[in-house]
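Q: I am new to this structure. Please show me how to read a few of its features.

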Amino acid sequence: MPASEGPASEGSASEGSASEGSASDLIVVGVDGSDPSKEALRWAVRQAHATQAPLRAVMCWHELNPDAWLPHVPERSDYATLIAEELRHAVKGAVGDNPPVAIEQVVMKGQSAPTLLQAAKEAGLLVVGSRGRGGFTGLLLGSVSAYLASHTPCPLVIVPHKARS
Ligand SMILES: Nc1ncnc2c1ncn2[C@@H]1O[C@H](COP(=O)(O)OP(=O)(O)OP(=O)(O)O)[C@@H](O)[C@H]1O
Ligand SMILES: [Mg+2]
């Protein structure tokens, strides 16, 4: 299945299958490439390691308004590939080449909050950062985290990040 029609696994140095455990064990972590989301991923890796749960890192994207940061405006057909590469880059930047657990990497097309909710339907735990790539300073929670806090179908961990100036 093409990455643009996700969920679809993306190969990487840390690739693995989150289908090895039962669906209720699955930990899903939202990664938008921001430092807070990398902190969330590190927390999720520790939790997955401690509980032997499968771990899936999800990056959501939208053609008209990509939520993940991109270095340039790509051709429409390039989005899925670029987002997959961005996710690989973010995972590597957060946990290096040899994390203690396998991290399945999935890109999903759609607006961040509802798409993460969809991903969470398969999960026993959803993990996100308190903030992401958004530009508003001073907010404790970004709009995606806030939406998930009131709509999540499974337990949610919001990993705090020190306030930005
Ligand atoms: N596109 C995305 N793909 C995957 N996870 C995401 C995405 N966007 C946000 N998240 C998750 O949600 C967390 C909080 O991000 P959020 O977007 O709520 O904050 P923000 O970007 O600071 O605010 P806003 O987007 O409202 O301006 C991130 O740390 C990440 O875990
Ligand atoms: Mg955001």
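A: Start with Gln-52, which is exposed because only 10 other C-beta atoms lie within 10 Å; exposed means 12 or fewer such atoms, buried 20 or more, partly exposed in between, with C-beta atoms placed from the backbone. This is a predicted model, in which local features need pLDDT of at least 70 and side-chain atom pairs count only at pLDDT 80 or more, while totals for chains, interfaces and linings use all residues. Residues are numbered from 1 along each chain as its sequence is written, and chains are lettered from A and ligands numbered from 1 in the order in which they are written.

Q: Where is Gln-52 found?
A: Gln-52 sits in the loop between H1 and E3; helices (H or I, at least four residues) and strands (E, at least two) are DSSP runs, numbered from the N terminus.

Q: What is the phi of Gln-52?
A: Most residues other than glycine have a negative phi. Gln-52 is not a glycine, yet its phi is positive, about 60°.

Q: Is Gly-132 buried or exposed?
A: Gly-132 is buried, because 25 C-beta neighbours lie inside 10 Å. Its place is the loop between strand E5 (125-129) and helix H4 (143-151).

Q: Which residue 95 places away along the chain has its C-alpha atom 6.3 Å from that of Gly-132?
A: That residue is Ser-37.

Q: How many residues surround ligand 1?
A: There are 25, with Gly-132 among the closest; a residue counts if its C-beta atom, placed from the backbone, lies within 6 Å of the molecule. Helix H1 (35-51) and strand E3 (55-61) are among the elements that each supply at least two residues of this shell.
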